[in-house]
Amino acid sequence: MEPLSKNISRRNFIKLSGMTGAALTLGLHLPAQGKEAEIVKPLAADLPGLELNAWISIDTTGKVTITNHRAEMGQGSYQAVPQIIAEELEVDLNQVNIVFGVGNNEKYGSQVTGGSSTVRGSYKNLLRLSASAREMLIEAAAKKWNVNQSECYAENGQVIHKPTGKNLGYGELVEAASKLEPPKNITLKNPKDYKILRKPLPRQDNPQKVNGTAIFGLDFKLPGMMYAVVERSPRFAGKVKSFDDTETKKVPGVKYVLKVNRDVFNNMLEGVAVVADNLWAAMQGRKALRVEWDDTAFAHHSTEDLFEKMRETAKGEIISYRTKGNFSATFEKAEKKIEAFYETPYESHSCMEPLNCTAHVTDEKCEIWGPIQAPDWIQSNLSAHLKLPMEKVTVHMTFLGGGFGRKAFTDYPYEAAMISKEIKAPVQVVWTREDDMTAGPFRPGMVYHCKAGLNNGRISAFEAKMAGQNMGSQEPGADKKGYNDSVTEGLLEPYFNSFPHHSFGDAPLESPIPVMWWRSVYASTNGFAYESFLDELAIEAGKDPLDFRKQHLWEERYQHLISKLEEVSGWKSKKKNDGYGVAITECFSSIVGEVVKVSKGVNGKVKIDKVWAVMDCGWYVNPDIIKAQVEGSIVMALGAATKHATHFKDGLSVEKNFNSYLMPRINEIPEIEVHIIENEEKAGGVGEPGLPPFTPALTNAIFDLTGKRIRVLPFNLEEV
Amino acid sequence: MAALTLKINNQSHTIEADPKMPLLWAIRDLVGLTGTKYGCGIAQCGACTVHLEGTPVRSCSIPVSAAANKNITTIEGLSNDNSHPVQQAWILEQVPQCGYCQSGQIMAATALLKRIPSPNDKDIDTAMLGHICRCGTYPRIRKAIKTASQLMTQKGSTK
């Protein structure tokens with residue numbers, strides 16, 4: 001690629017960096033797919049591409065500004081990205097100021113904060129970028145002192161000349177450094193020498209989160225902003241037949257009542273918006289609104305019907321995804337044949353911050369602010385729908401009060417933009433808890449039909465059929481005949497080698513219920529089915545469940561994880577009245593094993609005593625954030641396993657708020673101990689992979705204690 | 001609509017509001033203090049917890065008229081520099097993830113520690129049961145309450 005920095009003129013550079021003095025600004029230029037990212041300096045104004053690539057900027061006071069291109073929803077990108085940059089840049093984290101990037105795919109690459117991808121998707125580029133800036137600062141200092149560059153090193157925001165001890169702060173060097181070219185070759189640090197990475201440094205966002213100053217989507221205000229709430233069709237595909245707003249308009253503060261669409265996977269779902277000059281008035285106005293819905297064009301589903309259908313289809317023909325050998329023939333000849341069904345419910349994301357979005361649309365431009373996981377998707381969606389050029393659509397991320405996949409979706413900003421366009425004013429659309437919990441998209445309900453054959457205590461044949469909605473084919477006109485490759489999500493990769501004959505496929509369920517990623521996506525349900533089934537197979541084979549897994553997972557990385565799990569949990573020395581269960585899953589390039597210990601309390605009821613988790617996520621940033629994410633994943637899994645589920649009746653969502661969609665509470669949380677494996681593998685995800693193994697480890701432990709096998713979620717721990 | 005006086009964090013605010021408006025929206029939208037959060041609107045999650053005359057209450061379920069002229073403390077009133085022992089403990093134990101529920105959690109913990117300076121696990125369960133954290137920070141909340149208790153004892157203060 002043409003070195004873009006050639007095109008920088010000094011005047012433009014200063015203009016672009018937006019500062020009165022000089023600054024060193026470095027960014028990544030992402031060329032065509034498959035090519036390595038280029039490290040570049042800002043471009044002249046007539047080449048806008050580069051200025052947009054800015055990631056790191058160091059000003060004349062030595063202050064570093066980092067653009068965090070990913071959403072912060074609790075998972076720690078706000079800390080992880082700066083921690084990576086500070087390491088190779090040789091600055092203290094306190095010198096670093098973080099700003100959220102706006103949506104721009106060309107600038108940052110994908111910003112969709114999903115798939116536990118922030119660190120694993122960008123760490124190598126971030127390391128190279130910051131090391132490049134450091135080398136340019138060293139080079140600038142060496143030139144100034146007229147010494148050999150190799151005699152200089154950088155530390156704590158300054159360049160030091162080793163022989164003499166003289167030093168210059170980064171701020172004094174940025175002007176000279178900005179005239180240099182980024183180095184061609186960069187040597188990155190050996191992880192053994194890390195000073196900032198791999199340290200449990202406190203999160204930079206936490207001071208704002210303990211005093212009420214962190215700005216979430218709902219806290220964002222614009223001058224002249226209106227508030228809107230929307231009465232959306234309670235049945236997903238319902239149409240507005242008519243509405244009567246006579247009483248609504250009598251509510252003081254209510255300004256507009258209008259029909260509005262929401263783009264849900266290109267299906268236009270309908271609603272009526274009430275816009276007022278304060279939120280309470282809008283809510284009161286909505287209460288007084290009468291809407292008549294036309295929902296005759298589709299079947300009104302119930303949970304019973306949906307699962308009955310899935311149970312049926314899981315037995316029949318499937319769309320095949322991944323096979324090896326001849327499952328049927330091997331299964332028929334097996335010494336032991338085992339078959340089981342597992343069911344997992346629909347679930348709501350129920351982020352603590354209900355959905356909301358602020359939009360300001362004019363004829364010329366559109367600006368969006370909100371708790372947003374996928375700013376770049378929103379930018380392209382709104383650019384297309386509003387017929388505005390991409391650069392006229394700006395999407396700002398606030399802090400997210402939880403995301404879990406739900407806020408990666410473009411429907412709620414779309415709806416806000418349409419209301420703002422119509423009323424020609426900035427508007428904040430607020431979803432009530434009930435709106436948030438009943439509208440979806442949900443984690444899809446699933447039925448798994450598993451079959452396996454055992455020969456000589458080993459798995460000779462393994463088949464899994466997954467029935468349920470396919471998140472990938474909800475758009476009108478989507479290919480309904482394609483396989484769902486997510487059927488193997490969560491399963492450890494080596495099993496595909498050790499199950500000599502296997503078959504994985506799915507039987508898609510058609511339904512108007514919108515479905516979407518829910519923390520750890522299909523692994524959250526696959527993991528329960530497959531790891532429960534493996535436990536059943538181990539018992540049938542007469543083997544210890546941990547040994548049985550060891551026997552089928554011969555790669556060193558997996559053997560090591562199992563040994564660690566065995567060691568930390570005291571698996572081999574369990575007491576007579578304890579139940580132990582294990583499960584290991586792999587998703588987003590991380591492997592996590594968990595052991596749950598249960599026993600009977602004085603009241604004779606099963607209680608969870610402790611959970612041990614071993615996380616192998618390869619290269620990592622901050623051990624304390626990893627521990628926090630695994631703890632949180634376990635708590636979220638505990639809720640989905642034992643507390644809550646979304647049901648449907650007559651086409652309507654049954655659970656509407658936390659009085660029926662029950663959450664785990666502080667008194668129900670077991671002790672959790674998290675261990676992190678140290679190795680040199682590539683970075684894997686952290687925010688999600690801790691979730692899938694918990695539930696099967698728990699139900700396997702319950703089986704170990706009571707002999708009762710749980711195959712349907714959720715179950716009531718009180719009633720085991 | 002009525003003119004009401006809200007005494008929040010030792011400051012008086014005169015507002016014009018529907019007397020039935022929940023205190024939560026008055027604090028957030030009329031006074032402009034957004035640290036207090038909306039989570040459920042039916043007193044199930046605890047995100048909106050503030051102190052009314054020193055007692056933790058769910059501001060989403062109290063009409064603003066019932067709080068008029070009474071002393072209200074919100075998260076912003078704990079300290080302006082994160083110096084309150086509960087805030088310090090929350091940072092020491094790295095409690096927050098998304099952080100959305102933490103204002104309510106902290107207000108509940110502060111009230112608990114005022115009542116019981118050295119709470120045991122059962123006291124913590126009882127006081128914190130009404131607070132949902134979807135990120136699952138519960139183990140750290142428990143730890144942080146114990147840490148805050150120690151910090152307070154060291155300081156000899158139960159602020």
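Domain bounds here come from an automatic or database domain assignment. With that in hand, the predicted model can be read from its domains inward. Chain A is divided into three parts: domain 1 covers 4-209, domain 2 joins 217-296 with 355-430, and domain 3 joins 316-346 with 443-719. The C-alpha centres of domain 2 of chain A and domain 3 of chain A are 37 Å apart. Their contact draws 14 residues from domain 2 of chain A and 12 residues from domain 3 of chain A. On the side of domain 2 of chain A that touches domain 3 of chain A, 8 residues are nonpolar, 3 are polar and 3 are charged.

Chain B has its own division, into domain 1 (2-77) and domain 2 (85-155). Between the C-alpha centres of domain 1 of chain B and domain 2 of chain B there are 21 Å, and the contact involves 14 residues of domain 1 of chain B and 11 residues of domain 2 of chain B. Strand 3 (49-52) and strand 4 (55-58) of chain B each bring at least two residues to the side of domain 1 of chain B that touches domain 2 of chain B. The largest share of that side, 3 residues, belongs to strand 3 of chain B. Sorted by class, the side holds 6 nonpolar, 7 polar and 1 charged residues.

Next comes the contact between the chains, where 46 residues of chain B meet 45 residues of chain A. On the side of chain B that touches chain A, at least two residues each are supplied by helix 1 (23-31), helix 3 (85-92), helix 4 (102-115), helix 5 (121-128) and helix 6 (138-155) of chain B. Helix 6 of chain B gives the most, with 4 residues. The make-up of this side of chain B is 25 nonpolar, 15 polar and 6 charged residues.

Helix 1 of chain B, one of the helices on that side, deserves a second look. This helix is mostly covered, with 7 of its 9 residues buried. The buried residues are L23(B), L24(B), W25(B), A26(B), I27(B), R28(B) and D29(B). What covers them includes elements of both chains: helix 8 (279-287) of chain A, along with strand 1 (2-8), strand 2 (11-17), strand 3 and helix 2 (64-67) of chain B. Strand 3 of chain B thus appears in this cover as well as on the side of domain 1 of chain B that touches domain 2 of chain B. After helix 1 of chain B comes G32(B), with a positive phi near 90°.

Methods
Residues are numbered from 1 along each chain as its sequence is written. Chains are lettered from A and ligands numbered from 1 in the order in which they are written. This is a predicted model: local features need pLDDT of at least 70, side-chain atom pairs count only at pLDDT 80 or more; totals for chains, interfaces and linings use all residues. Two residues are in contact if their C-beta atoms, placed from the backbone, lie within 7 Å. Ala, Val, Leu, Ile, Met, Phe, Trp, Tyr, Cys and Pro count as nonpolar, Asp, Glu, Lys and Arg as charged, and the others, Gly among them, as polar. A residue is buried if 20 or more other C-beta atoms lie within 10 Å of its own, exposed if 12 or fewer, and partly exposed in between; C-beta atoms are placed from the backbone.
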